[in-house]
Amino acid sequence: MVNKQKITNSKLTFENQFLDIDEKKYLSVSADELLSQHLLITGVTGSGKSSTALTIIERLKKGQQNVIVLDPTGEYQSIPEVHRVVLGDDAFFDISNLSDLQIAQFLNITNKYLLDKLPTAIKSLQIQHNIIGQSGVYRKINRQQSEHDRFLSQLKLSDKYFDLNLLANQLQEEFILPYADERADFTLLGQVYDNATIAQVWSNLNDLKQTLQNEQVQSLLTRSNNSKIVHYDIRYLLRLFITRRASKQSLVVDLSLFSHNKQLNKLIIDILTNLMMSIRENYPQEFPVVVLIDEAHRYLTDITNENQGIFSIVREGRKLGLDLILSTQSPMDVPVELIGQFGSLIIHRINTKQEIQRLMINEDIAGLIATLSVGEAYLKTNQKKSLKRIKSVFSEINHDTSNVSFDL
Ligand SMILES: Nc1ncnc2c1ncn2[C@@H]1O[C@H](COP(=O)(O)OP(=O)(O)OP(=O)(O)O)[C@@H](O)[C@H]1O
Ligand SMILES: [Mg+2]
């Protein structure tokens, strides 16, 4: 049974990573002290956040800790011995593993009539693919309710796959009614289309058809037809790297193909972080997994439900052994109620008093933080209240190191 209170980072320490500028000696900081209550790295652009994060990741990797990097811009290409996948290229979300709500979010389905019918439309397509075994939509008009019920009961838990491309057409098939006169036969699923409602949702259905044809959406949600490349289901990869102790490989998920689409970016991070939480809940382990989310300002602005994945790791991840390193340009990006959940802070140069106040540190060092040079920072860890002025050691990672292939 996993100890729900705390899953510690073994005995790993950072010995030569953080130079105490005032004492002129390296600090010895245990991974537990730095990471087990999450670490927030903040500082203006170019102040050294990613380099600091990279130094930490390198040390964790040397100590054979499990590390997952969510890389929004493809910056983390240089870490040796990683399994790096590019979402939308050699990795995708298998729709069989997504909830109806997640599918709706990916496809931007917001119309309430379509949202209402989405679960039944997906079930219909699952029947068509897995039980009937034919292409095309599942016709409901004039189908016996009893036959439909039989199909539903035959649908196994594993029969999740369906033809996503047919979703708009199938939704249309769901809007059916019995005849409104004496010809009505209530043993059938329906006899005529509910044309009034279909007309109401017509433009939304057309939008959905467009979305389904969108190349980005296709690349994110469907397995590539190219049999020459290995195309990974991202959930499978996450599960592998969360449930097995790392020997030397770490996972880097490159999200750069979606970097210009803020909404989609947020959604992807939300779904990835939620997946991590649910995998860890379902397959508890004794060892921690460190998750780095760089450039979090891309995902944290405007608090909405979409941020909930990151929120839940910050709030609940610790109990499950998911330790978060979040890097962001301004503390103002992080909702106030979350700041307090970070046990450790690495504060690179920040310019405004307002931003420093947001970090809720007692010492009056605003003036000093604004003068830090690149790579310098104030460090606060979860076990010590006072701040140390440090210089984080610059990572020597060779930027041309190619990826080591993963023997799955
Ligand atoms: N500890 C360090 N020692 C020396 N140089 C450093 C150090 N950290 C960063 N640098 C230099 O500063 C540059 C910018 O650093 P880095 O990319 O880590 O900044 P950042 O805070 O992540 O910026 P952004 O918010 O734009 O991503 C690096 O390319 C590197 O040349
Ligand atoms: Mg950076």
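1. Let's start with Val291. Its bridge partner in strand 14 is Leu324. Bear in mind that this is a predicted model. The pairing belongs to a longer run: strand 13 (residues 289–293) and strand 14 (residues 322–328) lie parallel, joined by five bridges.

2. Two helices cover this part of the sheet. Helix 10 (residues 262–282) packs on it, touching strand 6 (66–71), strand 12 (250–254), strand 13 and strand 14, and its direction makes about 165° with that of strand 14. Helix 12 (residues 308–320) also packs on the sheet, where it touches strand 13 and strand 14; here the angle with the direction of strand 14 is about 145°.

3. Now zoom out to the whole sheet. It is open, has 11 strands with mixed pairing, and reads 3-2-17-16-15-5-14-13-6-12-7 in order. Strand 3 (25–26) and strand 7 (82–86) are at the edges with a single partner strand each, so one side of each has no neighbour in the sheet.

4. Strand 15 (residues 344–347) is worth a look, since you can follow the pairing on both of its sides. With strand 5 (residues 39–42) it runs parallel over four bridges, and Ile41 stands opposite Ile346. With strand 16 (residues 376–380) it runs antiparallel over three bridges, and there Ile346 stands opposite Leu379.

5. Which way do the residues of strand 15 point? Ser344 and Ile346 go one way and Leu345 and Ile347 the other. That fits the usual pattern, as side chains in a regular strand alternate between the two faces of the sheet. Ser344, Leu345, Ile346 and Ile347 are all buried.

6. Is Ile242 buried or exposed? Ile242, which sits in helix 9 (residues 234–243), is buried, because 24 other C-beta atoms lie within 10 Å and the cut-off for buried is 20 or more. Beyond its neighbours within four places in sequence, Ile242 is in contact with Met276, Ile279, Arg280 and Val289. To link back to the opening point, Ile242 and Val291 are 49 residues apart in sequence, with 10.0 Å between their C-alpha atoms.

7. Finally, the chain as a whole. Its secondary structure comes to 15 helices and 17 strands, and the C-alpha trace spans about 90 × 45 × 40 Å along its principal axes. Of the 408 residues, 40% count as buried. Among contacts with a separation of 6 or more, 76% are between residues 24 or more positions apart.

Key. Residues are numbered from 1 along each chain as its sequence is written. Chains are lettered from A and ligands numbered from 1 in the order in which they are written. This is a predicted model: local features need pLDDT of at least 70, side-chain atom pairs count only at pLDDT 80 or more; totals for chains, interfaces and linings use all residues. Two strands pair if DSSP finds at least two bridges between them. Two residues are in contact if their C-beta atoms, placed from the backbone, lie within 7 Å. Axes are lines fitted to C-alpha atoms, for helices over the stretch in contact, and angles run from 0 to 180 degrees between N-to-C directions. A residue is buried if 20 or more other C-beta atoms lie within 10 Å of its own, exposed if 12 or fewer, and partly exposed in between; C-beta atoms are placed from the backbone.
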